[in-house]
Every structure is written in C-alpha cells, then in structure tokens.
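Please look through the structure shown here, and then follow a set of questions and answers about its strands and its charged side chains.

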Amino acid sequence: PSGIELSAAPNPFSSRVMASYTIDRSRHARLSVYDVQGRLVRVIWDGLQTTGRHAVIWDGLDSHGRHVGSGIYFLRLEAGSQAVSRKAVFLR
C-alpha cells in the first residue's frame with residue numbers, strides 16, 4: 001500500500017476543488033496541477049508536510065492568477081519517492 005493518498009471533490013467542479021490527501025509520515029510534499037498536455041499550471045503546496053490528513057483548495061487559477069479554461073486537469077501529489085495523481089474536470 002502507498003504511504004500517500006489523494007482525492008478531489010467535487011468532481012467535476014465549476015469554481016474550486018478540494019484536494020484532500022494523506023501522508024504516512026512527515027516529509028517534503030508538493031501538490032501541483034497539470035493540464036492534459038503535461039504542462040504545469042500551478043503549484044498549490046510545496047514544503048514540509050506533517051503526518052496525517054490535509055486539504056487544500058485549488059481555485060481554478062494558474063500560477064499567474066489567471067482563470068484556466070474548462071477541461072481536464074491532473075492534481076499530482078509527490079512526497080519523497082512516491083507520487084499519485086487524480087483527474088479533476090473543470091466546467092465553466
């Protein structure tokens with residue numbers, strides 16, 4: 001079993017989505033959003049994360065504060081050598 005878990009709700013979403021994730025031990029974690037072409041849209045969290053369950057909201061903005069278009073995006077959680085991704089559908 002993986003030491004990290006990730007979920008996204010609501011999905012699909014129209015204004016914001018909550019990324020809920022669990023980390024099995026304190027370590028550096030990075031939660032990012034990518035488009036379907038694999039381009040980085042925004043880094044939501046990047047830093048030391050404590051053990052347990054956490055939640056972060058992505059508001060549909062890119063790293064420059066611009067609204068992204070409708071479509072499929074991928075939330076990717078990286079913690080240590082582990083990574084997990086979840087699809088999120090943004091509908092305007």
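Q: Over how many bridges do β2 and β5 pair in the antiparallel sense?
A: In this predicted model, strand β2 covers residues 17-23 and has β5 as an antiparallel partner. Within this pairing T22 stands opposite a residue of β5, namely R53. The count of bridges between β2 and β5 is seven.

Q: Which strands are the edge strands of the open sheet with the order β1-β2-β5?
A: Three strands make up this open sheet, and their pairing is antiparallel. An edge strand here is one that pairs on one side only, which applies to residues 4-9 and to residues 52-58. The edge strands are therefore β1 and β5.

Q: By how many degrees are neighbouring strands of the sheet β1-β2-β5 turned against each other on average?
A: The strands of this open sheet pair in the antiparallel sense, and the angle between neighbours is given with direction ignored. On average, the turn is 20 degrees.

Q: Why is one side of β4 and of β7 left without a neighbour in the sheet?
A: The order of this open sheet of four strands is β4-β3-β6-β7, with antiparallel pairing. Residues 40-49 form β4 and residues 82-90 form β7, and both stand at the edges of the sheet. One side of each is left free of a neighbour because each has a single partner strand.

Q: What is the bridge partner of A29 in β4?
A: Strand β3, which spans residues 27-35, pairs with β4 in the antiparallel sense over eight bridges. For A29, the bridge partner in β4 is G47.

Q: Which residues are linked with D24 in a network of salt bridges?
A: The side chain of D24 meets that of R25 in a salt bridge at 3.8 Å, N to O, and D24 also forms a salt bridge with R27, with the closest N and O atoms 2.5 Å apart. The residues linked with D24 in the network are R25 and R27.

Q: Is R27 buried or exposed?
A: D24, a salt-bridge partner of R27, counts as partly exposed at 39% relative accessibility, and R25 is likewise partly exposed, at 47%. The cut-off for a buried residue is under 20% relative accessible area. With a relative accessibility of 9%, R27 therefore counts as buried.

Q: How many residues apart in sequence are the parts that the pair R42 and D59 ties together?
A: The side chains of R42 and D59 meet in a salt bridge of 2.6 Å, N to O. R42 lies in strand β4, whereas D59 lies in the loop between β5 and β6, so the pair ties together parts whose separation in sequence is 17 residues.

Definitions and conventions. Residues numbered from 1 in each chain as written. Predicted model: local features only at pLDDT ≥ 70, side-chain atom pairs only at ≥ 80, totals over all residues. Heavy atoms only, no water. Pairing = 2+ DSSP bridges. Helix = DSSP H or I, 4+ residues; strand = E, 2+ residues; numbered from the N terminus. Axes fitted to C-alpha atoms, helices over the stretch in contact; angles between N-to-C directions. Salt bridge = Lys/Arg side-chain N within 4 Å of Asp/Glu carboxyl O. Buried < 20%, exposed > 50% of the residue type's maximum accessible area, 1.4 Å probe, protein only.
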